[in-house]
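Visitor: I would like a close look at a single part of this model, namely its aromatic pairs. Please then place them among the strands and helices around them.

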Amino acid sequence: MNKNRMNLRLFDNDAQLIDRTGAESLIPVQESNEIIQGVVSQSAVLTRGKKLANMTSKQYKMPVLDMLPIAYFVNGDTGQKQTTKQAWDKKFITAEEIAVIVPVPEAVLDDSDYDIWGEVKPRIVEAFGQKIDGAILFGADKPSTWRDDVVATATKASAVVTLGEEDSIYDKIMGEEGVISKVEASGFFVNGHMADISMRAKLRGLKDTTGQPIFKSDMQSGTNYYLDGSPMNFPNNGAFDKSKALMISGDFSQLVYAIRQDITFKLFTEGVVQNTDGSIAYNLMQNDMVALRAVMRLGWEIPNPINALQKDKNKRCPFAIMKTGA
């Protein structure tokens, strides 16, 4: 027998192998390189409102018609003609800053298979849009220099319709005392609506006297949300507060805004990031970090000029709201 021959040992009941469980920590998990993102929601207010020329300083002075001329009949051939006048008020748009800083360790950027900044920037834009919509529509965290929000302005002008559980949505929107008529009573015509996303189901469920849906002609095509010829927006960036209003209707050409500085991004590799109490949260150089800073400055106003139908500026409002009952 060959002394160099290898002796083979046979395993009967306890044969073993390296299986997937034992090598699990060594097997890389394949992940998709594509991060599926939802639609990045921009600001519904800036989309619907009227953009003015960019501001060249912190304040923008806007003349607004405040007094209308009056004409008179002349009595007889020698009657005296009377005089009249026209006047303008001044309204100011004050630009305020929205900003955020996103710090990231350099090691995270180096080890990532994704374009982190490419993923972060659209979300920052979405966050800016949410902040703008919340402040302008509902006064959420609004700067002290900004005017009353749209809902507060409509409430002060009594341009509010309350929707009870037994009320007809159709009448509350389209009827004589509906939100559209509230705007028309102030001398403006509605050209758009913004509503909480729950209003989509309420409108889809509207039926005529024969039981046929008002907003849908069939079950295959999408629903076109228009009220009295005016389009509807359903902001889905989280800014719409349905506890304050289910729907805002109005003349959105009367919601004007001006941009002092569009969104700009700047990357920092040195500097410190402080907490609100003044303590240092991060020292970028010492912690081997970078920080992306995003900044935007803008302001807005509701001109609300005088018109022949409603001369009292306290009762005149180009917007009306529908809210739920108590």
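Guide: A residue counts as buried when its relative accessible area is under 20%. Phe 234, at 14% relative accessibility, is therefore buried. Tyr 225 is buried as well, because its relative accessible area is 7%. The model is a predicted one. The ring centres of Tyr 225 and Phe 234 lie 5.1 Å apart with the planes at 75°. An angle over 60 degrees counts as edge-to-face, so that is the class of this pair.

The count of aromatic pairs comes to three. Another of them is Phe 138 with Phe 240, also edge-to-face, at 5.1 Å centre to centre and 85° between the planes. Phe 138 belongs to helix α3, whereas Phe 240 sits in the loop between β8 (230-233) and β9 (247-250). The two are 102 residues apart, and the pair links distant parts of the chain. Both Phe 138 and Phe 240 are buried.

Next, the helix that carries Phe 138. Helix α3 covers residues 116-138 and packs on a sheet, where it touches β4, β10 (256-268) and β13. The direction of α3 makes about 30° with that of β13. The 23 residues of α3 should span 33 Å at 1.5 Å a residue, and the end C-alpha atoms are 32 Å apart, which agrees. Just after α3 comes Gly 139, with a positive phi of about 75°.

The sheet under α3 is open and has four strands, in the order β1-β10-β13-β4, with mixed pairing. Its edges are β1 (50-51) and β4 (96-105); each has a single partner strand, so one side of each lacks a neighbour in the sheet. Strand β4 runs antiparallel to β13 (residues 289-301), and ten bridges join them. Within that pairing, Glu 96 has Leu 298 of β13 as its bridge partner.

The other end of the Phe 138 pair leads to a second sheet. Strands β8 and β9, which flank the loop of Phe 240, belong to an open sheet of six strands in the order β5-β14-β9-β6-β8-β7, again with mixed pairing. Its edge strands are β5 and β7 (226-227), each paired on one side only. Strand β7 is joined to β8 by two bridges in the antiparallel sense, and Leu 227 stands opposite Ser 230 of β8.

At the opposite edge of that order, β5 (residues 160-163) pairs with β14 (residues 319-324) in the parallel sense over four bridges. Val 160 faces Ile 321 in β14 as its opposite number. The side chains of β5 alternate: Val 161 and Leu 163 are buried and point to one face, while Val 160 and Thr 162 point to the other and are not buried.

For the chain as a whole, the secondary structure comes to seven helices and 14 strands. Of its 326 residues, 35% are buried. Among contacts between residues at least 6 apart in sequence, 75% join residues at least 24 apart.

A word on confidence. The mean pLDDT of the chain is 83, and 84% of residues reach 70 or more. Over residues 25-41 pLDDT stays under 50; the model has 16 contacts beyond four places in sequence for them. Where pLDDT is low, the predicted coordinates should not be read in detail.

Definitions and conventions: Residues numbered from 1 in each chain as written. Predicted model: local features only at pLDDT ≥ 70, side-chain atom pairs only at ≥ 80, totals over all residues. Heavy atoms only, no water. Pairing = 2+ DSSP bridges. Contact = heavy atoms within 4.5 Å. Axes fitted to C-alpha atoms, helices over the stretch in contact; angles between N-to-C directions. Expected span 1.5 Å × (residues − 1). Buried < 20%, exposed > 50% of the residue type's maximum accessible area, 1.4 Å probe, protein only. pLDDT = per-residue confidence, 0-100. Phe/Tyr/Trp six-rings, centres within 6.5 Å; stacked < 30°, edge-to-face > 60°.
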